[in-house]
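Q: Could you take me through one small part of this model close up? I'd like to see how the strands there are put together.

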Amino acid sequence: MGRDSIESLGAVIRQGNGSADLARIPTVDAPLGVLADTTPSSRSVGLYIHVPFCTKRCFYCSFNTAPLEHDDEMRRYVGALRRELGLLATTSWAAAVSLETVFFGGGTPSLLGPDDMAGILDELRARLALSPAAEITVECNPESVSRDKLAAYRQAGVNRISLGVQSLDDSILPVLGRLHDAGGARRAFEAVREAGFDNASVDLMYGLPHQAADTWTRSVSGVLAWEPEHLSAYGLTLDAGSLWAVTGVEGLPGEGAVVEQYWALARAAQARGFEHYEISNYARPGFRSRHNQIYWHAAEYLACGPGACGFVGDVRYGNVKPVTRYCATLESGALPIDTAERLTERQRVGERLILGLRLVDGVPRAWLDERAAGDTGLARRLAAWREAGVLAEHDDRVALTESGFLVSDSVFVDLL
Ligand code: SF4
């Protein structure tokens, strides 16, 4: 659903790093797998929970999700997820760490009924140390929420909603395979407020087929008029695993038009008091996503659910993707960890750099100097990025400028 799920972030990092450099850890045939052999270096971590079901697959989607066909599938998944939380709690380090954020991503987490949501969060509190001030976010699709369901989520402890709107153009939404229309999205946002949430984010997409400049600015101004606390906006990419990556899609705007859409959003959001704090994210003061900042600070997070990826100590790991295998593994009493890799020091420094540069705060200048030491080619390229106004320095920190955000991928390739 949102591009900030661990799943997609892990893929970006892996792609950038080149997996050949990573030290793969042999599969450990024990209930806790690699998590028995690694310890978090921080006392506070995040938790990502992947819900692998949607009502229908959107045409651009490449996430680990499938249509939910029977209630039994959800029941089995929720049972397996609760077992996974229980197993995580048996690690030698679990009692020493507190969860500062929980993020239900997907898929469509709002397909979880209120009782399942309450059951999962109760299990979590019973098994792990959930900070009383934890940010607990649920990604929701407009057609799968109601005021009553959202009120029940809030009652269960959820305190932040991320609503997948993508567009307010009724001619574009069905082209994407979305199940809601603009009116449904607006009513869903109203339901979020009526349920009492005072921390709500909206997802938008630009660079969409047949999306003209004026239809995009209407979507942006329409969503900004709802006064959300946070806004995420991603340019469409045809990622492997999506239907459109196979079939292609007609009517995509050219690069110049996409760049203009980026600037139209950046200007409109700024005029409404939003801080453009990350390449694709905007927030009112005090409402940056705490969970996503864990990723961008290269900090640690646990992961539950099919295909979810976590990062603990110096180990990044990923769960098995197929839902039935995920459930069967947990039913047999083992964590469903499928892949694990121990990051080298160079990889960790590289990740800290590129993830940190995604944020408007940037990174300490010393990190870049260290990276470029002895590499005259890199030093020259960094100087060129500064000269071109892509990188800027403030108070011993280096950050991408707002126009630099647009070419961030090229900078990251240089740094890796
Ligand atoms: S709602 Fe659409 S974009 Fe989101 S995870 Fe489901 S299929 Fe993918």
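A: Two strands count as paired here if DSSP finds at least two bridges between them. Strands themselves are DSSP runs of E, at least two residues long, and helices are runs of H or I, at least four long, both numbered from the N terminus. A word on the source: this is a predicted model, where local features need pLDDT of at least 70, side-chain atom pairs count only at pLDDT 80 or more, and totals for chains, interfaces and linings use all residues. Residues are numbered from 1 along each chain as its sequence is written, and side-chain values use heavy atoms, with hydrogens and water left out.

Now to the sheet. It's an open one built from 3 strands, ordered E16-E18-E17, with antiparallel pairing. E16 (363-364) and E17 sit at the edges with a single partner strand each, so each has one side without a neighbour in the sheet.

Zoom in on E17 and E18. Strand E17 covers residues 391-394 and strand E18 covers 397-400; they run antiparallel and are joined by 4 bridges. You can follow the pairing residue by residue: Leu-391 faces Leu-400 in E18, while Ala-392 stands opposite Ala-399 in E18.

What links the two strands? E17 and E18 make a hairpin, with 2 residues between them. Look at Asp-395 in that turn: its phi is positive, about 50 degrees.
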